[in-house]
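The following exercises invite the reader to examine one structure step by step. Each task is followed by a worked solution.

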Amino acid sequence: MSSVGRASLGAWLGRLGLVLGSCVLTLGVLEAGLHLVPAWTQSTRDHRFAFNPYRPDGALGFTLRPGVRVRHVDRDFAVTVSVNALGGRGPERRPAKPAGIARILLLGDSFAFGWGVEQEDSFGAVLERRLAEREGPVEVLSAAVPGYSTDQHYVYLHTRGLELHPDLVLLATSENDLTELSLNRLTVDAARLPVRVEPMWRIIDATGRMRYLGTGRPAQPRAPWPGEAWLQDHSLLYHWLRFRLAKASAAVAVRRARPTPPEWLEGDPDRELGQVSPDDLQRALAASPGFRLRYHLRLVEAMEREAGTRGIPLRTLLVAHSGEPRPADPLLGRLHAECAARGDACLDSARVVPAAAPGQFTFAHDPHWNREGHRRIGEALADLLGRDPALRRVRTARPP
């Protein structure tokens, strides 16, 4: 190559390096700016209209932001939400379980979180007080997050929850978990159990608010690309850009036809999940309510089995939005029948907080339980779990 050619190539490479360096610097500045947004908004904005306790999470999609304290205001309530260092609503707790204290790990969605009530009025807090009064020292460690469904409960328990050494796991499953399972994209292992959950119709913005892209259609499967998992774990800029791109494409996506179920689903609905491809699993979850029920029950069984290998029992609370113990929908009816079949291992909320006029056990304009609804659920759980052998073993092992 001539000296002129080498000089031209060197100049071109120099300009390319300058452009790339400028892009990296710009992206770095934007990323740093987004990390500062929550601090700016906490100090300068009124949060009455911005419930923002969330942060993105690569494995779970989103979690609560440790250390945050915000006001949650709606037509029916005005409450304070504080998140402890472990990422759960409630007082500070140590990761290591104190000796002689029974620990209950509470998993669930907005009902278990205590949506619209103060922390001390949530059923988890009522349960802790009642058990402590009747049975001795106990702590209920809440890991409930509004918007979570069974897939996220499984991933949390599998990757983080059992490391907190609970004596008992209390899983609050909701009737709407069957719908929520269709709105997430899952990365699954060889047993077709989730290892990562990506919500497809809601995203956490840089201020910590949950933003919705639209409704009316389940998520379509999409193949991940190299490096995406790392960005989900580490970059707020990725989530900011993804929200804007997804928002722009949502209107087009909603007009598309619902995803077609895999061909085998109608003729062989009980096919072993290990024989189902990850893509077919996603399509079946998106297209078939019956398959979602089957997968939901599979996830609960997997949680019970994994906790059981450590000698930790799993008990369930079925949150009945309608307050009906025998709903007309056959799929929901099966959920309630499964709960009844578990005996003392499952509490059906419809038998404790039955259908009633708005304002009696739920808010006037919101289906979540109010303070009285939470009190009734907490006391019913205390009656149930107070007899549980797992907690009794902790009490009898406590030094005098």
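The residue that opens this set is Glu118, which is partly exposed, with a relative accessible area of 23%. The model under study is a predicted one.

**Exercise 1.** Describe the surroundings of Glu118, beginning with its place in the chain.

*Solution.* Step 1: locate the residue. Glu118 sits in the loop that lies between helix H2 (110-113) and H3. Step 2: classify its exposure. Buried means under 20% relative accessible area and exposed means over 50%; the value for Glu118 is 23%, so this residue is partly exposed. Step 3: list its contacts. When neighbours within four places in sequence are left aside, Glu118 touches Arg71, Ala78, Val79, Thr80 and Arg89. Step 4: consider a residue remote in sequence. Asn370 is 252 residues from Glu118 along the chain, yet their C-alpha atoms are separated by 9.9 Å.

**Exercise 2.** Determine how helix H3 (residues 123-135) packs with helix H12 (residues 371-385).

*Solution.* Step 1: recall what is needed. Two packed helices are described by the angle between their axes and the distance between the axes. Step 2: state both quantities. The angle between H3 and H12 is about 40 degrees, and their axes are 8 Å apart. Step 3: name the arrangement. Angles under 35 degrees count as roughly parallel and those from 65 to 115 as roughly perpendicular; the angle given above therefore makes H3 oblique to H12. Step 4: give the hand, which is right-handed for the crossing of H3 and H12. Step 5: identify the residues that meet. H3 contributes Phe123, Val126, Leu127, Arg130, Leu131 and Arg134, while the H12 side includes His374, Ile377, Leu381 and Leu385. Step 6: sort the residues of this contact of H3 with H12, which comprise 8 nonpolar, 2 polar and 5 charged.

**Exercise 3.** Carry out the corresponding analysis for helix H9 (residues 278-287) and helix H10 (residues 289-308).

*Solution.* Step 1: the axes of H9 and H10 come within 6 Å and cross at roughly 115 degrees. Step 2: the crossing of H9 and H10 is left-handed. Step 3: from H9 the contact draws on Leu281, Ala284, Leu285, Ala286 and Ala287, and from H10 on Pro289, Phe291, Arg292 and Tyr295. Step 4: by type, the residues of the contact of H9 with H10 are 8 nonpolar, no polar and 1 charged. Step 5: turn to burial. Asp280, Leu281, Gln282, Ala284, Leu285 and Ala286 are the buried residues of H9. These buried residues pack against strand S8 (184-188), helix H8 (264-267) and H10.

**Exercise 4.** How many disulfides are there, and which cysteines form a disulfide?

*Solution.* Step 1: the count comes to 1 disulfide. Step 2: the partners are Cys339 and Cys346, with sulfur atoms 2.0 Å apart, within the 2.5 Å cut-off. Step 3: the torsion about their S-S bond is about -100 degrees, so the disulfide is left-handed. Step 4: Cys339 and Cys346 are both buried.

**Exercise 5.** Describe the positive phi values of His165 and Arg192, and give the setting of each residue.

*Solution.* Step 1: His165 has a phi of about 55 degrees, although it is not a glycine. Step 2: His165 belongs to the loop between helix H4 (150-159) and strand S7 (168-174), and its relative accessible area of 47% makes it partly exposed. Step 3: Arg192 has a phi near 65 degrees, and it too is a residue other than glycine. Step 4: Arg192 occupies the loop between S8 and strand S9 (194-199), where it is buried, with a relative accessible area of 14%.

Note on methods. Residues numbered from 1 in each chain as written. Predicted model: local features only at pLDDT ≥ 70, side-chain atom pairs only at ≥ 80, totals over all residues. Heavy atoms only, no water. Axes fitted to C-alpha atoms, helices over the stretch in contact; angles between N-to-C directions. Helix = DSSP H or I, 4+ residues; strand = E, 2+ residues; numbered from the N terminus. Parallel < 35°, antiparallel > 145°, perpendicular 65-115°, else oblique. Left-handed = near helix turned anticlockwise from the far one by under 90°. Contact = heavy atoms within 4.5 Å. Nonpolar A, V, L, I, M, F, W, Y, C, P; charged D, E, K, R; others polar. Buried < 20%, exposed > 50% of the residue type's maximum accessible area, 1.4 Å probe, protein only.
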